[in-house]
Amino acid sequence: MTKVGSAAAVGTLVVACTLLTSSAALAKDPGGSQFDVSGSNKADGGQTLESRIVFRGSTGDAGAKESGQFAPVGDWSPPACWYEPKWTPAEFSKEFQKQWDIPHASGVGEAYALSKDHYINGHPYKDFNKSETGKGLWWDAVRDKSREESGDPAAFACDTKTFWVENGETPAVENAVTPKILADLAYSRIKVPDTKVTLAPANTTKVNLPTWAWLDRAKFQDVSVTASLDVGGVNLQATTTAKPISLKLEPGTSDAEVYPSSGECAFNDDGSIGEPYATGKADRTPPCGIRYLRSSGDGAFKLRATITWEVTWTGTGGAGGDLPNGTFGTEQNVTVQEIQAVNR
């Protein structure tokens, strides 16, 4: 049976007590601290954030062609903290003893006694549930390291203390890891290609001259990241996939027109965007492009090209669905010159 209710009260008193003295401040409540867990990521080539979750795919690893992490459209964000299985009874016992191996200054002794009662003396757990070895695992919170370091309050929202979960049970705790949680975490690790567009004329164009823009079809294909967790009796995974659906051009000045007028260039059936310029197309309007109405002077305009990606996920047990679209853009300089008239 999963037991999580009374642990929070114990942890609250522990935290209060450990703040009483400088030596006490060194204490970590084994019921609530975010302990580092290396997992097996180094051996199998995945990535980790103090977690046993492994990420594979378009994560921007060394040698990968992906260059940017897209941002969700709107105010959605992946979890900043979550719960996952961490320890067997023997492992938790060892961790508990290590974290409480400190001088028992005033206040800490009482906190230690409460934690000892909670996890060792049968109120509600006895001897770290060693009699249940092989039948379940101890779960604890994990924080997204970057969001924790930035002081994001969401990273500190997982305050339920370490709790026991029997194999096959789903803990009734918000943000306990599920295929959906894994999909959300995979979302935040997807890296996508940069969006530097090919231009004609390239880099330098003329006032009122249509500039053609296009993207190579071979570069923009679906990208995905799979997140998996395989610990004891817990075996879950989810794959989050991003599909490019449109390109938005922002000329870098209001004195310009875009093609099409919406500024959104859709992907063609073959996966490309726009159409390469070729001899004989000078009098045509580009399907994707820009016409600058004034010179950039001694400088250049910052053309921003942003790809919108449609995101979906699938996971263990046939789970799946949609996630918010993501965008990623890059800038490139475009020099615009006046057309020089020749006087005879």
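## A cis bond between two short strands

A good place to start is Pro 201, which sits in the loop between strand E8 (198-200) and strand E9 (204-206). Helices and strands here are DSSP runs numbered from the N terminus, with at least four residues (H or I) for a helix and at least two (E) for a strand. The peptide bond that joins Ala 200 to Pro 201 is cis, and its omega is about 0°.

This is a predicted model, in which local features need pLDDT of at least 70 and side-chain atom pairs count only at pLDDT 80 or more, while totals for chains, interfaces and linings use all residues. Residues are numbered from 1 along each chain as its sequence is written, and side-chain values use heavy atoms, with hydrogens and water left out.

## The whole chain

Stepping back, you will find six helices and 18 strands in the chain. It has 344 residues, of which 46% count as buried. Buried means a relative accessible area under 20%, exposed means over 50%, and partly exposed lies in between (1.4 Å probe, protein chains only).

About 17000 Å² of the chain is exposed, and carbon and sulfur atoms supply 48% of that area. These areas come from the Shrake-Rupley method with a 1.4 Å probe; for residues, only the protein chains shown count as cover. Among contacts with a separation of 6 or more, 74% are between residues 24 or more positions apart; a contact means heavy atoms within 4.5 Å.

## The loop between H4 and E5

Another loop worth a visit connects helix H4 (108-119) and strand E5 (136-143), and Pro 124 is found there. The peptide bond from His 123 to Pro 124 is cis, with omega near 10°.

The loop between H4 and E5 also holds Asp 127 and Phe 128. Asp 127 is not a glycine, yet its phi is positive, near 50°. Phe 128, also not a glycine, has a positive phi of about 60°. Asp 127 is partly exposed, at 35% relative accessible area, whereas Phe 128 is buried, at 2%.

## Strands side by side

Two strands pair if DSSP finds at least two bridges between them. Strand E11 (residues 223-231) runs antiparallel to strand E1 (residues 54-57), joined by four bridges; here Phe 55 stands opposite Ala 227.

E11 also runs antiparallel to strand E12 (residues 234-250), with nine bridges, and Ser 224 has Thr 241 of E12 as its bridge partner. E11 and E12 make a hairpin with two residues between them, and Gly 232 in the turn has a positive phi of about 55°.

## Inside the fold

The largest nonpolar core has 71 residues, and Ile 53, Phe 70, Trp 139, Val 197, Leu 247 and Leu 249 have the most contacts inside it. Strand E17 (residues 301-315) gives the most to this core, with seven residues. A nonpolar core is a set of buried Ala, Val, Leu, Ile, Met, Phe, Trp, Tyr and Cys residues joined through side-chain atoms within 4.5 Å. Leaving aside neighbours within four places in sequence, Leu 247 touches residues including Val 197, Leu 215, Cys 265, Ile 273 and Ile 307.

Helix H6 (residues 179-187) has eight of its nine residues buried, so it is largely enclosed by the rest of the structure. Among these buried residues are Pro 179, Ile 181, Asp 184 and Tyr 187.
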